[in-house]
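Biologist: I should be grateful for a close look at a single part of this model. Please set out its surroundings in a connected account, with the reasoning where a step calls for it.

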Amino acid sequence: MFDVLIIGGGVSGMSCAFVLGSAKNKNFVSDKKIGIFTHQKSSSLQDALFNNAYGIPAGKPGSELLSESIIHLSESYPHISQIQNEKVIRIEGESPNFNVITNKNSYQTKAIVIGIGSANTFAIEGLMQYVIPHQKALPEKQRIQLKNSDHKVAEGIYVIGTLAGWRSQLAIASGSGAAVATDILTLWNNGTETHAHDSIR
């Protein structure tokens, strides 16, 4: 049983995983089981080139960021399970007992974070009732989002990045994933606000 499963290995999903991973030494996180589906083939970063993203060298291809992020997560936070080459097709159950079904396996988890982009090809059974037109995209792009309140879709279900209704910008997607990670950390900390960051002090 996972405590949280992140669906999507793009910017928002990986950012969520990094923040959760960096909190590993907090006593309320040490026993938590965290996983991420790192399927990246449909990420918009595959064709991106970055010249305007803080902290990223100009001319950096998005495809390199994707592959480097998987290595970074594996090396820095090996306790986070990376589930590769699987596509989520259905979610069953309700909080805190979800069953996440892929094209190959099924996984049990207490909470779910979805960050797989806003294309209108979204087709995860069990979530279709939350699909609405994207509120910040041009209508002709036919983007969708999941209806949510401050990233929360339903009890135990969170959405991040463009699928949460944010615009397609690396910094926005990254911040969205980090925001949900800190919400989850706060929940694990019995409702007392908390976050995780490293320091040279």
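Modeller: A residue is called buried when its relative accessible area is under 20%, and exposed when it is over 50%; values in between count as partly exposed. The model is a predicted one. The part chosen for the close look is strand 2, which comprises residues 34-37.

Strand 2 is covered on both faces. Ile-34 and Ile-36 lie on one side, Gly-35 and Phe-37 lie on the other, and all of them are buried.

The pairing of strand 2 involves strand 1 and strand 5. With strand 1 (residues 4-7), the pairing is parallel and extends over 4 bridges; here Phe-37 has Ile-7 opposite. Strand 5 (residues 81-83) also runs parallel to strand 2, and 3 bridges join them. In this pairing, Gln-82 of strand 5 is opposite Ile-36. The connection from strand 1 to strand 2 includes helix 1 (residues 11-22), and together these elements make a β-α-β unit of right-handed sense.

Phe-37 deserves particular attention. Its relative accessibility is 2%, and it therefore counts as buried, the limit being under 20%. The structure contains 2 aromatic pairs. Phe-37 and Tyr-107 form an edge-to-face aromatic pair, with 5.5 Å from centre to centre and 80 degrees between the planes. Since Phe-37 belongs to strand 2 and Tyr-107 to strand 8 (residues 106-109), the pair ties together parts that are 70 residues apart in sequence. Tyr-107 has a relative accessibility of 15%, so Tyr-107 likewise counts as buried. Phe-2 joins Phe-37 and Tyr-107 in one aromatic cluster. Over the face of Phe-2 lies Lys-33, at 4.5 Å from the ring centre.

For a helical element, one may turn to helix 3. This helix has 19 residues (170-188), and at 1.5 Å a residue they should span 27 Å; the end C-alpha atoms are 27 Å apart, so the expected and modelled spans agree. The buried residues of helix 3 include Leu-170, Ala-173, Ser-176 and Gly-177. Further along, Val-180, Ala-181, Ile-184, Leu-185, Thr-186 and Trp-188 are among the buried residues as well. Just after the helix, Asn-190 adopts a positive phi of about 60 degrees.

To return to the part chosen, strand 2 has buried residues on both faces, pairs in parallel with strand 1, is joined by bridges to strand 5, and through Phe-37 is tied to strand 8.

Notes. Residues are numbered from 1 along each chain as its sequence is written. This is a predicted model: local features need pLDDT of at least 70, side-chain atom pairs count only at pLDDT 80 or more; totals for chains, interfaces and linings use all residues. Side-chain values use heavy atoms; hydrogens and water are left out. Helices (H or I, at least four residues) and strands (E, at least two) are DSSP runs, numbered from the N terminus. The expected span of a helix is 1.5 Å times one less than its number of residues. Buried means under 20% relative accessible area, exposed over 50%, partly exposed in between (1.4 Å probe, protein chains only). Two strands pair if DSSP finds at least two bridges between them. A crossover is right-handed if, with the strands pointing away from the viewer, the path from the first strand over the helix to the second runs clockwise. Rings of Phe, Tyr and Trp (its six-membered ring) pair if their centres lie within 6.5 Å; planes under 30 degrees apart count as stacked, over 60 as edge-to-face and the rest as tilted. A charge sits over a ring if NZ of Lys or CZ of Arg is within 6 Å of the ring centre and within 35 degrees of the ring normal.
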